[in-house]
Amino acid sequence: MYSYKVKRANKAAEAATLALFMLAVMFFIMSATGVWIRSVLQLIMLVFLVLAIMVADRYLFSSFEYVINDKVGDYDFVVLRHSGKRTNTVCRLSLSLADTFTVVNKGDTPPCAVGQLHDYTGTLLAPECAFVTFPEEKVTIRIEPDERLKRLLPRLMSKTGITE
């Protein structure tokens, strides 16, 4: 069994959360002083406030852990989401169904997603991420692997009969 918990470096998430919260405060002050139509300003304020809470929850208050479990003749790739004291399994896929593993640096064009794209990175603007496609499940997952996981995943995929 292999486990890797994503180490976050979220200066971009902190800045985005702060900027969205400040925009919400600005629109609240404008609505309180009656600068324009009060209900429209309050609606815009609520949108920015909800966006700030969503970014903070996703990138600041939660983290991801990637686990590879050994089954008989196959490997399971499991993604756990830790949020406070709560841990949820958000993804469990068999590596025998994986098709490709592609590492992409920041600024490079990502590969086309097969089916739904699920983002399990812990950093808002990750400098490097990897895409793993599962064509039978019609799913592509985006992860933020360490060096060992980048070497291990393609090797395990090839052991299950799939080439890199």
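Trainee: Which residues of the largest nonpolar core touch the most other members?

Mentor: In this predicted model, the largest nonpolar core has 26 residues, and those touching the most other members are Tyr66, Ile68, Phe77, Leu95, Ile141, Ile143 and Leu153.

Trainee: Which elements each supply at least two residues of this core?

Mentor: Strands E1 (2-5), E2 (62-71), E3 (74-83), E4 (86-94), E7 (128-134) and E8 (139-143) do so, together with helix H3 (147-159). The largest share, five residues, comes from H3.

Trainee: How should one read the surroundings of a single core member? What does Ile141 touch?

Mentor: One sets aside sequence neighbours and lists what remains. Not counting residues up to four places away in sequence, Ile141 touches Phe77, Cys91, Leu93, His118, Tyr120, Ala130, Phe131, Val132 and Phe134. Apart from the largest core lies another core, of 10 residues, among them Leu20, Met45, Val55 and Tyr59.

Trainee: Let us turn to the helices. How many residues does helix H1 have, and what distance does it reach from its first C-alpha to its last?

Mentor: Helix H1 covers residues 11-33, which makes 23 residues, and reaches 33 Å from its first C-alpha to its last. That span is close to the 33 Å expected at 1.5 Å a residue.

Trainee: Why do residues three or four places apart in an α-helix point the same way?

Mentor: The general idea is that an α-helix has 3.6 residues a turn, so residues at that spacing point the same way. In the present case, the buried residues of H1 are Ala13, Thr17, Leu20, Ala24, Phe27 and Ser31. Helix H2 (38-60) is included in what covers them. After H1 comes Gly34, whose phi is positive, near 70°.

Trainee: How does one read an aromatic pair? How are the rings of Phe27 and Phe48 placed?

Mentor: One considers the separation of the ring centres and the angle between the planes. The count of aromatic pairs comes to three. The rings of Phe27 and Phe48 have their centres 5.7 Å apart and their planes at 20°, so this pair is stacked. Phe27 lies in helix H1 and Phe48 in helix H2, so the pair ties together parts that are 21 residues apart in sequence.

Trainee: Is Phe27 buried or exposed?

Mentor: Phe27 has 14% relative accessibility and therefore counts as buried.

Trainee: What can be said of the rings of Tyr66 and Phe77?

Mentor: Their centres are 6.0 Å apart and their planes stand at 25°, so the pair is stacked. Tyr66 lies in strand E2 and Phe77 in strand E3, so parts that are 11 residues apart in sequence are tied together by this pair. Tyr66 and Phe77 are both buried.

Trainee: Which residue lies over the face of Tyr59?

Mentor: Arg58 does, at 4.6 Å from the ring centre.

Trainee: Turning to the strands, how many residues of E2 are buried?

Mentor: Seven of its 10 residues are buried, so E2 is largely enclosed by the rest of the structure. E1 and E2 pair in the antiparallel sense over four bridges, with Lys5 opposite Glu65 in E2. E2 and E3 also run antiparallel and are joined by 10 bridges; Ser62 has Ser83 in E3 as its bridge partner.

Trainee: Where does Phe61 lie?

Mentor: Phe61 lies in the loop between H2 and E2. At 56% relative accessibility it counts as exposed, because the cut-off for that class is over 50%. Leaving aside its neighbours within four places in sequence, Phe61 is in contact with Arg8, Ala56, His82, Ser83 and Gly84. Phe61 and Gly84 are 23 residues apart in sequence and 7.1 Å apart in space, C-alpha to C-alpha.

Trainee: Why is E7 described as largely enclosed by the rest of the structure?

Mentor: Six of the seven residues of E7 are buried, so that description follows. To read its pairing, one takes each partner strand in turn. Strand E5 (residues 100-105) runs antiparallel to E7, and six bridges join them; Val103 has Ala130 in E7 as its bridge partner. E7 and E8 also run antiparallel, joined by five bridges, and the bridge partner of Ala130 in E8 is Ile143.

Trainee: How many residues lie between E7 and E8 in their hairpin?

Mentor: Four residues lie between them, and Lys138 in the turn has a positive phi of about 55°.

Terms used:
Residues are numbered from 1 along each chain as its sequence is written. This is a predicted model: local features need pLDDT of at least 70, side-chain atom pairs count only at pLDDT 80 or more; totals for chains, interfaces and linings use all residues. Side-chain values use heavy atoms; hydrogens and water are left out. A nonpolar core is a set of buried Ala, Val, Leu, Ile, Met, Phe, Trp, Tyr and Cys residues joined through side-chain atoms within 4.5 Å. Buried means under 20% relative accessible area, exposed over 50%, partly exposed in between (1.4 Å probe, protein chains only). Contact means heavy atoms within 4.5 Å. The expected span of a helix is 1.5 Å times one less than its number of residues. Two strands pair if DSSP finds at least two bridges between them. Rings of Phe, Tyr and Trp (its six-membered ring) pair if their centres lie within 6.5 Å; planes under 30 degrees apart count as stacked, over 60 as edge-to-face and the rest as tilted. A charge sits over a ring if NZ of Lys or CZ of Arg is within 6 Å of the ring centre and within 35 degrees of the ring normal.
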